[in-house]
Structures are given as C-alpha cells and as structure tokens.
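Here is a short set of exercises to work through with the model open beside you. Try each task before reading its solution.

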Amino acid sequence: MKSFEEISKLLINQFPSINFEIKSDVKFEPYIIVPPNQIDNVCLFLRDNIDLQFDSLVNLSAVDDFNGEKTKDEQGNDIMKGGTLSLYYHLESIKYRHKILLRVLTDRDNPSVLSVTSVWNSANWHEREAFDLFGINFINHPDLRRILMPYDWEFGHPLRKDYQNPEFYQGMKVPY
Amino acid sequence: MSVRTEEMVLNMGPQHPSTHGVLRLELTLEGEIITKVVPHIGYLHRCFEKHCEVMTYPQIIPYTDRMDYLAAMCNELGFVIGVEKLLAIQVPERVEYIRVIMAELQRIASHLVAIGTYGADIGAFTPFLYCFRDREKILNLFEITCGARLLYNYIWIGGLSHDLHPDFIRLTKEFIREFKPNLRELNNLLTYNKIFIDRTANIGILPLETAINYGVTGPMLRASGLRWDLRKDDSYSIYNKFDFEIPIGEGKMGTIGDSWDRYFVRVREMEESIKIIEQAIEQIPDGDVTAGIPKRIKPVVGHIYSRVENPRGELGYFIISDGSATPFRVKVRAPSFVNLQVLDVLCRGHMVADVIAILGSVDIVLGEVDR
C-alpha cells in the first residue's frame, strides 16, 4: 500500500517531461492534475507498474466547472464562453488496496481527451456517458456514441450548466 | 457443395419480460451461436444528475430511492454517508445500527427478487412465488417502520425519519426464524435442481481478470473468485463490528465464475445478512434517532467519493460541493451500469436461450442503469 505522496513521486520520476499539478492540500481527497494529451500513458503506467498495479477504474466522472466568461443571449439565458470541463478518474488497486484520484482539465469550447478504454474496458461506457452528457470528445475511443440520450438528440449535451431545453423533439413539446 | 450462410441480427427487447425492464439487446447470430451483443440503454433515463444540481441535499434522498428501486435503503445510505463526511458530522450509535439492519434486510429482499426472477426467467415458476412471499414479509417490516414499502426516504442526513416501531425487533426475529428453513427449502427447490444446474452451470463464464478490467463489482466479482466486499474491504458505517463471511464462487457445479456461481453467491449472501441482522438486533443501543439531524445543511467546498456495497455491487456517489445548499455536481457510479458492459463478453459463443440465463445472473435494475 502506497501513500498519495509516494504515488505522485513515482509518477514525477517516470514522466519528467509532464507538468503534473499535485493538489495535496484539498480537504477530503487529494488529486493529481494530468494533461489531457498524456492521460492514457499515465494510466497505462499506473496499471502496469509492479508497485502500483491500479487494475481497476472505479469511477470516471465528468464535471462542468463553469468557470469561463458569463454572457447573456437574446432571450436572457446564461451562456458560457471559455473555461474548462473536468474529468475525475478514481483508480484503485485491488492487490495493494491503495487509491488515487486523477483530474484532467480540458477546454470547454473544444473538449478533447485521450481515451483510456485501451487500459481499462470499464472506461468505455463511462466515456460514452461523458461524451453524451458533456460533449467531451474522446480520441481513440472505439465506439463513441450517445448512450443515455436518444441517438438522434441534436440539441446539445444536457449536463452542461448552460444547457437549454429544445422546444420540440420529434413534434412533441418538451417542457410539458 | 457449400451452403451460403450469413449473419443475422436479432433484436431482443426493449419490451421483453426477461430483460428486467426496458433494455434492448442487438444480437448478432451465426446460426444460433451469438457472435456479438450490443446493449442499447437509456429508455429509463430520468436525469437524476441534472435534478441534483437544483435541489438541496435532503431533497435528493427520495430521488436516490428511484435509481435501484429494489434496494432503495442502500442507495440512501450511500448518499447520506457521503454528505455526512462533507459535513463532518457523527451520527448516534443507534442510528448506525438501524441503518445496518435496514440495509441488510434490503439486501435480502433484493436478492430474493434476483433469485426468484432468475428462476422464473429460465422456467422455474414456483421458487418465484416462494421468494416473493418472503420478500413481502420484509416489505411489511419496512412499512411499519416508515410507512413505505418500496421507496422509503427513511435514512436522513444525520439521522433517520422515524425510530423503530415497538414491535419491530420482535417481528424481525420472527421473520428470521421463519426465513431460515425457507432458505433451505429454496435450495432444495431451485439451487440443486438438475434442470436449473444444466441451464446455468458452465454458462457465461467470467474470468477474474476480465471482471476486474471491466470494473465488475458485487456478487458478480465475488462469483469469479475474489473476496472483495466493501463492507469489509473499505468498511463504512459499523460493519466492522459484526462477524460475517464473504462467500465467493467455487465452481461447485461447473467452472468458477459461471452463472450458477453468481446465483449461489447471492443465496449465501442472504445467510450472511441474516447473521449481521441477528447480531445487530442483539446489540442495538437506545438513543434518539432524530436529534442529530442538522437544521441547515451547507457542506464546505470540496469533493468526496462515497461508496457502499449495494446488493448489485459498488454504488458510488461523487459529490462536489460549492458551499451552497445544493450540490454542484453529483455523479453516480451505478453498479448495474458498469456490470452490464461485460454482457457482450459473457454471451459470445453461447445460444440465444443462454442470453436469458446470463442476463438474469448479471441481475441488473434498469432504473439504475439509466438513472
């Protein structure tokens, strides 16, 4: 079992060129910020390193940080420009019983992150969900389709904080 | 002379009784052998996570009931534990005991549905009625406690909505006394039934490494041979005070990790839950269950991942608080959602009729898959 500090030290030694941000002063769960174009290499290392063996991706959550520039459109609805979307990866090693939380920040206007499906198969549906509800584009994902919303839903990604309901969907009034 | 063959795509569901709700499976067949299964979900999507962003923390609890509607008590427990950690409050010991009793009764009730419908799916209708007869008794216990039979809103942040009914302990003991022989009867009726074993043993084998890589948890993971239970391995509430075993699949009728193992792990888990309830009702202390409920629920800024062992696996809530009375984001890691992914691997190479046997052994609740 390794502590958060030991795991982050191992990561920094392994990837000297990557600029990790170690957030250990957070109140409940310390985490490491990983750049979106390196997340698959980092995850592969975390899974295959003999002392770490993070063999299970427990959870993958997408979050709309809603921290850009707030403007209003003609109808007076909030519209967000810029800012970030976050992905939180909760990893766990069943053998050593240690856990780690990774966070990836991606541009809100053009979100794209490398997929970790090749590392853990369980990421497949989690990433599809993040794509469906937040519009995050996962590069190298084998099957990036909507999962919870209808396949023909063309009104955006509902869990974004500035999402507007469409007036009609296939002839049905939506806010009934 | 060779006969021309081609693949056939068969649609199963969404309105199909053995899909346990509204699940559509797109089966690709080579003759009668399955080469690929693509599940289509989302028919029951009710925007739980979007709702959470506009409601206060106590208002969310009834919505958590409606995810895994067969295990509503356990859903509430997971959410409430997370918020209590964010608020840094300690709940009275009596509350913890009652929570454990309720969660374990709920586990039995949920497994009874899983087992009963599993039998019904593959042709054994009698055990279904026997299981529902016993489940009804548990629902009666819940009813005298909080008035509801399925969706309770019982476990609150910092406490409970009602104390136990004066008759609860007596009735629970009575239930346990009646249930133990019923369980033996169920084993004779279904578990060791020749036809049942033929239909389930060596069907849908899930190797341990595949299970871990797919994030499978709960009875499915344990049936593949790993002793992993959050009640012991990441202990929450007061589970470390009780003495109970974690049953795993042993491949008694076929191979480790087959459908029969998954079924049998659930049967044995009910015995263990009985053990926990027996210990808990012996030790339960006195106290006030509503005194600790905070008037104002505004957690500090921060995020937490709280997880509990649901009847179907690991239920996790990732809660982000921005310091206001409503959460900034709640993401649910639903066990059925993750477990369903592995269906394709399980079904490949089997017959169409086996899909029903395999899907029943996965034990999904669509309310939770789609949220």
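**Exercise 1.** How many bridges join strand 6 of chain B to strand 7 of chain B, and do these strands run parallel or antiparallel?

Solution. A word on the ground rules: this is a predicted model, where local features need pLDDT of at least 70, side-chain atom pairs count only at pLDDT 80 or more, and totals for chains, interfaces and linings use all residues. Residues are numbered from 1 along each chain as its sequence is written, while chains are lettered from A and ligands numbered from 1 in the order in which they are written.

Step one: find the elements, which are DSSP runs numbered from the N terminus (helices are H or I, at least four residues; strands are E, at least two). Step two: count. Strand 6 and strand 7 (residues 313-321) of chain B are joined by nine bridges and run antiparallel; two strands pair if DSSP finds at least two bridges between them. One pair to look up is B:R307 with its bridge partner B:G316 in strand 7 of chain B.

Step three: widen the view. The open sheet has three strands in the order 6-7-8 (chain B), with antiparallel pairing. Strand 6 (302-310) and strand 8 (329-333) of chain B sit at the edges, each pairing on one side only. On average, neighbouring strands here are turned by 15° against each other, direction ignored.

**Exercise 2.** Trace the pairing around strand 2 of chain B, then place B:L29 in it.

Solution. Start with strand 1 (residues 8-12) of chain B, which runs antiparallel to strand 2 (residues 24-30) of chain B and is joined to it by five bridges. B:L10 has B:L27 as its bridge partner in strand 2 of chain B. Next, strand 2 pairs with strand 3 (residues 33-40) of chain B over seven bridges, again in the antiparallel sense, and B:L25 is partnered by B:P39. Strands 2 and 3 of chain B make a hairpin with two residues between them, and B:G31 in the turn has a positive phi of about 65°.

Now for B:L29, which belongs to strand 2 of chain B. B:L29 has 15 other C-beta atoms within 10 Å, so it counts as partly exposed (20 or more would be buried, 12 or fewer exposed, and partly exposed is in between, with C-beta atoms placed from the backbone). Leaving out residues up to four places away in sequence, B:L29 touches B:E7, B:M8, B:L10, B:I34, B:T35 and B:V352; contact means C-beta atoms, placed from the backbone, within 7 Å. The C-alpha atoms of B:L29 and B:H350 are separated by 9.8 Å, though the two are 321 residues apart along the chain.

**Exercise 3.** At what angle do the axes of helix 5 and helix 6 of chain B cross?

Solution. Fit the axes as lines to C-alpha atoms over the stretch in contact, with angles from 0 to 180 degrees between N-to-C directions. The axes of helix 5 (residues 126-146) and helix 6 (residues 168-191) of chain B come within 10 Å and cross at roughly 165°. That makes helix 5 roughly antiparallel to helix 6 of chain B (under 35 degrees is roughly parallel, over 145 roughly antiparallel, 65 to 115 roughly perpendicular, the rest oblique).

Finally, check who meets whom: the helix 5 side includes B:Y130 and B:L141, and the helix 6 side includes B:F175 and B:L186.

Key
Contact = placed C-beta atoms within 7 Å.
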